[in-house]
Amino acid sequence: QVQLVESGGGLVQAGGSLRLSCAASGGTFSSYSMAWFRQPPGKEREIVAQIRRNGLITYYADSMKGRFTISRDNAKNTVFLQMNNLKPDDTAVYYCAANRPDSTLWNYWGQGTQVTVSS
């Protein structure tokens, strides 16, 4: 069973930066596409960014382009989300997710890490 554990969340002032990490265990990390999602208070979960298993193709939601960067280190079974120029609207619980190559779904999820941006 694949386990995903996020870390790096916290409280930051607007304009600041945070780097989230998601460590995977129990599976073949290099074969999974990985993504970060977030769920703001009172809102639905939304995708933030996605990275293919080879790390060469990425996707960003429009509001994160130019501010957030997703990356991965397959040797360390870890995916990262560098978040710069944070805004109060970025306040949310951030989740990482993994997609197996034989599936169209996000098969595995972490427990989430809270990011709070103060104005």
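Which side chains along β7 point to one face and are buried, and which point to the other and are not? In this predicted model, the β7 side chains alternate: Phe68, Ile70 and Arg72 sit on the buried face, while Thr69, Ser71 and Asp73 point the other way and are not buried.

Now look at the neighbour of this strand. β7 pairs with β8 in the antiparallel sense, over six bridges. One spot to find is Arg72, whose bridge partner in β8 is Val79. The hairpin that these two strands make has four residues between them, and Asn77 takes a positive phi near 55° there.

Next, the inside. In soluble globular proteins, nonpolar side chains tend to be buried together. Here, the largest nonpolar core has 30 residues, and Leu4, Met34, Trp36, Leu81, Met83 and Tyr94 have the most contacts inside it. Elements giving two or more residues to this core include β3, β4, β7, β8 and β9. Try clicking on Tyr94: among the residues that Tyr94 touches are Leu20, Trp36, Phe68, Leu81 and Val115.

Finally, zoom out. You'll count eleven strands and zero helices. The radius of gyration is 13 Å, close to the 14 Å from the globule rule for 119 residues, so the protein is as compact as a globular protein of that length. Here are some whole-protein numbers:

| Property | Value |
|---|---|
| Box filled by the C-alpha atoms, along the principal axes | roughly 40 × 25 × 25 Å |
| Residues that count as buried | 45% of 119 residues |
| Exposed area | about 6,300 Å² |
| Share of the exposed area from carbon and sulfur atoms | 46% |

Terms used. Residues numbered from 1 in each chain as written. Predicted model: local features only at pLDDT ≥ 70, side-chain atom pairs only at ≥ 80, totals over all residues. Heavy atoms only, no water. Core = buried A, V, L, I, M, F, W, Y, C linked by side-chain atoms within 4.5 Å. Buried < 20%, exposed > 50% of the residue type's maximum accessible area, 1.4 Å probe, protein only. Contact = heavy atoms within 4.5 Å. Pairing = 2+ DSSP bridges. Rg over C-alpha atoms; globule rule 2.2 N^0.38 Å. Areas by Shrake-Rupley, 256 points an atom, 1.4 Å probe, with all protein chains shown as cover. Lists of a residue's contacts leave out its neighbours within four places in sequence.
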